[in-house]
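Let's take a friendly walk through the buried aromatic rings and nonpolar cores of this protein. Have the structure open as you read.

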Amino acid sequence: MKGLTQFLSLALVTGVLTMNSCTSKKETTEQKSGIEKASYGQLADGQTADLYTLRNASGMTAKITNYGGILVGLTAPDKDGKFEDVTLGQDSLSAYVKNNPYFGALIGRYGNRIAKGKFTLDGKTYSLVTNNMGNHLHGGTVGFDKVLWTATPIEGDEPALKLTYTAKDGEEGYPGNLSVTVTYTLQKDNALKIDYQATTDKPTVVNLTNHTYFNLTGGAKRDILDHVLTLNADRFIPVDKTLIPTGKLQPVANTPFDFTKPTVIGARINDSTDTQIKYGGGYDHGWVLNGSGDSLKLAATVYEPTSGRVMEVRTTEPAIQFYTGNFLDGSVMGREGFAYKKRYALCLETEHYPDSPNQPSFPTTVLRPGQTYKTTTVYQFSTRKE
Ligand code: BGC
């Protein structure tokens, strides 16, 4: 009874769930779009997190919690119309709190690395929390992936979840109170759109992204080495041993980093003659996207031959970090007690170049009062029969 009362009081239903359907939280075959809200659990400080399920008319679902803005699950149909989860995730809020290698999470204030956790802006040097080989990674020890966001569901054929969070001046070392809004929208055309927006009251640096791990086999049936990838990028961003950019950009031609034509990910991932592959332990690099301007451009296409699933990534961002789950080692429990192993997923993090605050030749990531940071990324799913 408690469960039902809780569900009824929390169920924020947007034209989907009638009182009758409220009695069953099971997935139905009924294809109606909308949002369902349920309690997801309590955090150590007593605050509670919720889990929102967005559904579109074709039956695709996106589950999102306001803890870390984490995309907890995303289903997409295979070539026979079977919906399966195409992401890596965990079973409970406590699992995400305990140890999450950023599965599905929103990343900020600065996605990717800042060398030695230091940067200078307008003549003042700032020291950030260092949490990765002496560098700052993904916003520090308590980045945007570990905070509770305020959620507002938005009804409609294309249900959306608006998340807001204000990071304080000095949080993790960054200057300025930063007001952030991230909106997830599940589109009719089986695409998940993420809109990012931020404003600040002092000059600061911003680089927001989402860290979903994808495996298009559905349910992470095997590693991602047979996935076929195309990247719309003629250059990539070489790094040093600690994965900080050297400052130079390198043409991908004649390197294992050339994905300008559809290429099986596993084909060159272990090329030990390549220093950059060695440093990354596989792929863990930024690629500079072709084309300029703020319009949405095709950044990446991933095809998984057994399921026929295709994912296209479009973004307004100038770069994409392609990471092949090299640090997954089976120690993090995934869904239903399944341990995700090395290379069981790939991340395509749309963003600015790593360490931009220390690299004058890279596009700027500085945000000043009066300016609005605005970016969009769309992950679109379809199938191909071959
Ligand atoms: C980074 C990896 C890091 C991973 C953590 C990626 O964005 O590039 O180096 O290990 O995030 O999950």
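## F259 and its partners

In this predicted model, F259 is buried, because its relative accessibility is 0%, below the 20% cut-off. F322 is buried too, with a relative accessible area of 0%. F259 and F322 form an edge-to-face aromatic pair, with 5.8 Å from centre to centre and 80° between the planes. F259 lies in the loop between β20 (250–251) and β21 (263–264), while F322 belongs to strand β25 (residues 319–323), so the pair ties together parts that are 63 residues apart in sequence.

F259 also has a charged visitor: the charged end of R268 sits over its ring, 4.9 Å from the centre. A similar arrangement can be found elsewhere, where the charged end of R384 sits over the ring of Y303, 4.3 Å from its centre.

## More aromatic pairs

Across the whole structure there are 23 aromatic pairs. One of them joins F103 and Y213: the ring centres are 4.8 Å apart and the planes lie at 90°, so this pair is edge-to-face. F103 sits in the loop between α3 (93–98) and β6 (106–107), and Y213 in strand β17 (residues 213–214), 110 residues apart. F103 is buried at 0% relative accessible area, and Y213 is buried at 2%.

Ring pairs also link F103 and Y213 into a cluster with Y323, F327, F338, Y340 and Y344.

## The nonpolar cores

The largest nonpolar core has 59 residues, of which W287, L348 and F381 touch the most other members. Strand β13 (residues 178–186) gives the most to this core, with five residues. A second, separate core of 24 residues includes L51, V72, Y340 and Y344.

Beyond its neighbours within four places in sequence, L348 is in contact with residues including L231, A300, M311 and F322.

Key. Residues numbered from 1 in each chain as written. Predicted model: local features only at pLDDT ≥ 70, side-chain atom pairs only at ≥ 80, totals over all residues. Heavy atoms only, no water. Core = buried A, V, L, I, M, F, W, Y, C linked by side-chain atoms within 4.5 Å. Buried < 20%, exposed > 50% of the residue type's maximum accessible area, 1.4 Å probe, protein only. Helix = DSSP H or I, 4+ residues; strand = E, 2+ residues; numbered from the N terminus. Contact = heavy atoms within 4.5 Å. Phe/Tyr/Trp six-rings, centres within 6.5 Å; stacked < 30°, edge-to-face > 60°. Lys NZ or Arg CZ within 6 Å of the ring centre and 35° of its normal.
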